[in-house]
Amino acid sequence: MAVSCRRAGRVWGRAPLGRAVLRRRLPAAGVAGRVEAASFTRPYAVAAAGGSGGHEVNGEELLEMCWRRHFLRGGAEPRPVLPWRDYLSGCHLGFGPLGVALRGNLVSQWWDSALPFREQVLAVDAPLHGPPAAANPQGLRLLRSEALHEALQGRGCSQEQGRPSLEEVLGASGMLRESLLPGERTTSLLAWFSSPRTTGQWLDYWLRQRLQWWRKFAVAPSNFSSSDFQDEKGRKGFNLHYRFPWGTETIETLKNLGDTELLQMYPGDSSKLLGRDGRKNVIPHVLSASGNLDRGVLAYLFDSLQLAENPLTKKKIAQRKVLKLHPCLAPLKVALDVGKGPTTELRQVCQGLFNELSENGISVWPGYLETVQVSLEQLYAKYDEMSVLFMILITDATLENGVVQLRSRDTTMKEMMHISRLTDFLTKYVTSAKNV
């Protein structure tokens, strides 16, 4: 397994190595079938699937909102300029603060699903290097400005003897990049070793597990699907897709690599690769499950965006946008704001609560530090677009009796709760969401 980050043609990251004992018993088909059939529906997902009363969300609306709320970078005022294809390919300036936090939560969930429950899955921390492009075996090279200037001078006047042509300079400098954007890609990789006899069964098993994992965090699980393929070498595999508005995009690929990869990686004495399969010594086959987690982030952004009635206006075109990310993936769990009352004392309460929640692993947005005063409805709309699970309002009543107002993103309901119960309530809420 590996979680890695590709920057400027080089891959860095943690590279866990998955191993399986060849004598290990496969899970029963009935058990796997029950797992696949489990419900992933969340309370607000039922309402979203119940009808299409609101107008359909398009990619431009989401792109503008994600840029405005700092999930994505890559634009200047008054609106973003990069299209979705640049974010899908990794040719962009990177994610914004909330996008980085969302991706970090997705990576954390992947690690939690891959490592703790399998005694034969091991984590290895090592840099990974991408192979050079086939058309350019020298890799990416720099073009010296002096050489380019000299070649351009040669094109403007008669070609002097011994002066290189522009074509020669470009040819000697290797491949030119089409874009100077840094580009970044975070990839998950599971390498699973199996007996040749049971490779097909394990491939089907991991297909169910990986599809279930992607659907677990989705509002509309049916948008995640799979298809089989066979590559030019005759190796079978599966692609996992997400259905974007413009069509399906691959987010993960599972493939049976056979024993070729191991034999090429460790040439010579193959006896060191042998493992036991019953009474036989065999060279294990490798199953690979490689996922694009950056593209997964984009998929969940599309999946979670919903439209609701805006209490500030009755116009349909001004419906309120709500980003209903799964509680485990939401970059911010809580926003802290102050209401009516002495500002200094209320901010001191917010600061103490901020420290307490942060120490318990609950991410908090310090809204009480904002200097621009806005209405509560505007705050609700802002935090719904940021996918904040709860907004906590500290008022003068908090100073008198310790009671705060708690507003839910998913239900929009407000309730009063004593400040001493907040940490326990929020911790249990997030923990219970992991078990859905």
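This is a tour of selections to make in the viewer, going from a mixed sheet to its helices, then to aromatic rings and a few single residues. The model is a predicted one, and every value below was computed from it.

**The five-stranded sheet**

Begin by selecting the open sheet of five strands, whose order is 17-16-18-19-20 and whose pairing is mixed. At its edges stand strand 17 (364-366) and strand 20, and because each has a single partner strand, one side of each is left without a neighbour in the sheet. Neighbouring strands here are turned against each other by 30° on average, direction ignored.

Next, narrow the selection to strand 18 (residues 390-394) and strand 19, which pair in the antiparallel sense over four bridges. Within this pair, Leu-393 stands opposite Gln-405 in strand 19.

**The helices on the sheet**

Now add helix 12 (residues 376-385), which packs on the sheet and touches strand 16, strand 17, strand 18, strand 19 and strand 20, with a direction that makes about 150° with that of strand 18. Then show helix 11 (residues 343-359), which lies across strand 16 (334-338), strand 17 and strand 18, and which runs at about 170° to strand 16. While this region is in view, select Tyr-380 together with Arg-407, the charged end of which sits over the ring of Tyr-380 at 4.5 Å from the ring's centre.

**Aromatic rings**

Colour the aromatic side chains next, since a search of the whole structure finds 19 aromatic pairs. One of them is formed by Trp-192 and Trp-202, a tilted pair with 5.1 Å from centre to centre and 55° between the planes. Trp-192 belongs to strand 7 (residues 184-194) and Trp-202 to helix 8 (residues 199-216), the two being 10 residues apart, and both are buried.

Compare this with Phe-244 and Trp-246, whose ring centres are 4.9 Å apart and whose planes meet at 5°, so that the pair counts as stacked. Phe-244 is buried, at 3% relative accessible area, whereas Trp-246 is partly exposed at 40%. Widening the selection around these two rings brings in a cluster linked by ring pairs, made up of Trp-213, Trp-214, Phe-217, Phe-224, Tyr-242, Phe-244, Trp-246, Tyr-300 and Phe-302.

**A buried leucine in helix 5**

Move on to Leu-102, which is placed in helix 5 (residues 97-114) and is buried, with a relative accessible area of 2%. Leaving aside neighbours within four places in sequence, Leu-102 is in contact with Phe-71, Val-297, Leu-301, Leu-325, Leu-329 and Pro-331. For Leu-301, the separation from Leu-102 is 199 residues in sequence, and 9.6 Å in space from C-alpha to C-alpha.

**Two positive phi angles**

Most residues other than glycine have a negative phi, and the next two selections depart from that. His-70, with a positive phi near 65°, lies in the loop between helix 3 (59-68) and strand 4 (75-76) and is partly exposed, at 46% relative accessible area. Thr-412 has a positive phi near 60°; it is found in the loop between strand 19 (403-408) and strand 20 (414-418), and its 33% relative accessibility makes it partly exposed.

**Cysteines**

Finish with the cysteine side chains, among them Cys-328, which counts as buried at 7% relative accessibility, and Cys-350, which is buried with a relative accessible area of 0%. A search of the whole structure finds zero disulfides.

Methods
Residues numbered from 1 in each chain as written. Predicted model: local features only at pLDDT ≥ 70, side-chain atom pairs only at ≥ 80, totals over all residues. Heavy atoms only, no water. Disulfide = S-S within 2.5 Å. Buried < 20%, exposed > 50% of the residue type's maximum accessible area, 1.4 Å probe, protein only. Contact = heavy atoms within 4.5 Å. Phe/Tyr/Trp six-rings, centres within 6.5 Å; stacked < 30°, edge-to-face > 60°. Lys NZ or Arg CZ within 6 Å of the ring centre and 35° of its normal. Pairing = 2+ DSSP bridges. Axes fitted to C-alpha atoms, helices over the stretch in contact; angles between N-to-C directions.
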